[in-house]
Amino acid sequence: MTTVYVTRLAAPVGPLLLTADADGTLTSVSVPGQKGGRIAQPDWRHDPGPFRAAVEQLTAYFAGELDAFRLASRAEGTEFRQRVWAALDEVPYGATVTYGEIAARIGAPRAAVRAVGGAIGANPLLIVRPCHRVIGADGSMTGYAGGLERKVWLLTLEGAVAAR
């Protein structure tokens, strides 16, 4: 049986649920009501120990004091999803990209934009892997598994959109 560690973190975007594997590698960051988000299971080990660095860095990020995460993380996904997620990891703090730009970065055809959107929506590492930085081709705040209000909040924190 594989050990899954879990902890919660109070955050300005709502409570975060963090999971890690037996080695302490971060495997997910979820918010309540997230499409495809994780839900703590009874057999998971509630232990803040493996999450010290993640909690420290997320807290600094929310305080506006950190613009890049340096955490050991691992996410399960197809080769296509892994390529999309790697492209997300390259989007800098305070910047936005479109789904089409992500498709181009991984060498996928323009017709693959929907598949790219699906991979982005399946990102298990909200905030840490910055899927919130992907916007519609017309600049609209499209899709975010954690909810559009959280996406706008994160982009406002990063200065990518003007405060409302």
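# Reading a sheet, a pocket and a few turns

Analyst: We start with strand β2. In this predicted model, 5 of the 5 residues of β2 are buried, so the strand is largely enclosed by the rest of the structure.

User: Which residues of β2 lie on each side?

Analyst: Both faces are covered. Leu16, Leu18 and Ala20 sit on one side. Leu17 and Thr19 sit on the other. All of them are buried.

User: How do I read the sheet itself? What is the order of its strands?

Analyst: Follow the pairing from strand to strand. The order here is β3-β2-β1-β4. The sheet is open, has 4 strands, and its pairing is mixed. The edge strands are β3 (26–30) and β4 (45–46), and each pairs on one side only.

User: Does "mixed" refer to direction? Which way do β1 and β2 run, parallel or antiparallel?

Analyst: Take the pairs in turn. β1 and β2 run antiparallel, joined by 5 bridges. Leu9 stands opposite Leu16 in β2, and Arg8 stands opposite Leu17. β2 (residues 16–20) and β3 are also antiparallel, with 4 bridges. There, Leu18 has Val29 as its bridge partner. β1 and β4 run parallel, joined by 2 bridges. Tyr5 pairs with Arg45 in β4.

User: Is β1 enclosed or open? How many of its residues are buried?

Analyst: Count them along the strand. In β1, 4 of the 5 residues are buried, so this strand too is largely enclosed by the rest of the structure.

User: What packs on the sheet?

Analyst: Look for a helix whose atoms touch the strands. Helix α1 (residues 52–62) packs on the sheet. Its contacts are with β1 (5–9), β2 and β3. The direction of α1 makes about 145° with that of β2.

User: Now the backbone. What is the general rule for phi?

Analyst: Most residues other than glycine have a negative phi. Now look for positive values in this model. Gly14 has a positive phi near 110°, in the hairpin of β1 and β2. That hairpin has 6 residues between its strands. Gly24 has a positive phi near 85°, in the hairpin of β2 and β3. Here 5 residues lie between the strands. Gly159, just after α5, takes a positive phi of about 80°.

User: Which residue other than glycine has a positive phi near 70°?

Analyst: Ile127 does. Find Ile127 in the loop between α4 (113–121) and β6. Ile127 has 2% relative accessibility, so Ile127 counts as buried.

User: How do I read a helix? Where do its residues point?

Analyst: An α-helix has 3.6 residues a turn, so residues three or four places apart point the same way. Try helix α5 (residues 148–157). Its buried residues are Arg150, Lys151, Val152, Leu154 and Leu155. What covers the buried residues of α5 includes α1, α3 (99–105) and β6 (134–135).

User: Next, pockets. How much space lies in the largest pocket?

Analyst: About 270 Å³. Then ask what lines the space. The largest pocket has 19 lining residues. Closest to its centre are Thr27, Ser28, Arg38, Glu76 and Pro124. Strand β3 gives the most to the lining, with 3 residues.

User: Let me follow one of those residues. Where is Thr27, and is it buried or exposed?

Analyst: Start with its place, then its accessibility. Thr27 lies in strand β3. Thr27 has 11% relative accessibility, and the cut-off for buried is under 20%, so Thr27 counts as buried.

User: What does Thr27 touch?

Analyst: Leave out residues up to four places away in sequence. Thr27 then touches Thr19, Ala20, Asp21, Arg38, Arg74, Pro124 and Leu125. With Thr19 there is also a polar contact between the side chains, at 2.8 Å. Thr19 is in turn one of the buried residues of β2.

Definitions and conventions:
Residues are numbered from 1 along each chain as its sequence is written. Side-chain values use heavy atoms; hydrogens and water are left out. Two strands pair if DSSP finds at least two bridges between them. Contact means heavy atoms within 4.5 Å. Axes are lines fitted to C-alpha atoms, for helices over the stretch in contact, and angles run from 0 to 180 degrees between N-to-C directions. Buried means under 20% relative accessible area, exposed over 50%, partly exposed in between (1.4 Å probe, protein chains only). A polar contact is a pair of N or O atoms within 3.5 Å; within protein, one must be able to donate a hydrogen and the other to accept it, and residues adjacent in sequence count only if both atoms are side-chain atoms. On a 1 Å grid over the protein atoms alone, a cavity is a set of points where a 1.4 Å probe fits but cannot get out, and a pocket is an open set with protein on both sides within 12 Å along at least five of seven lines; lining residues have an atom within 4 Å of a point. Grid points are joined across faces, edges and corners, and a volume is the space filled by probe spheres set on the points.
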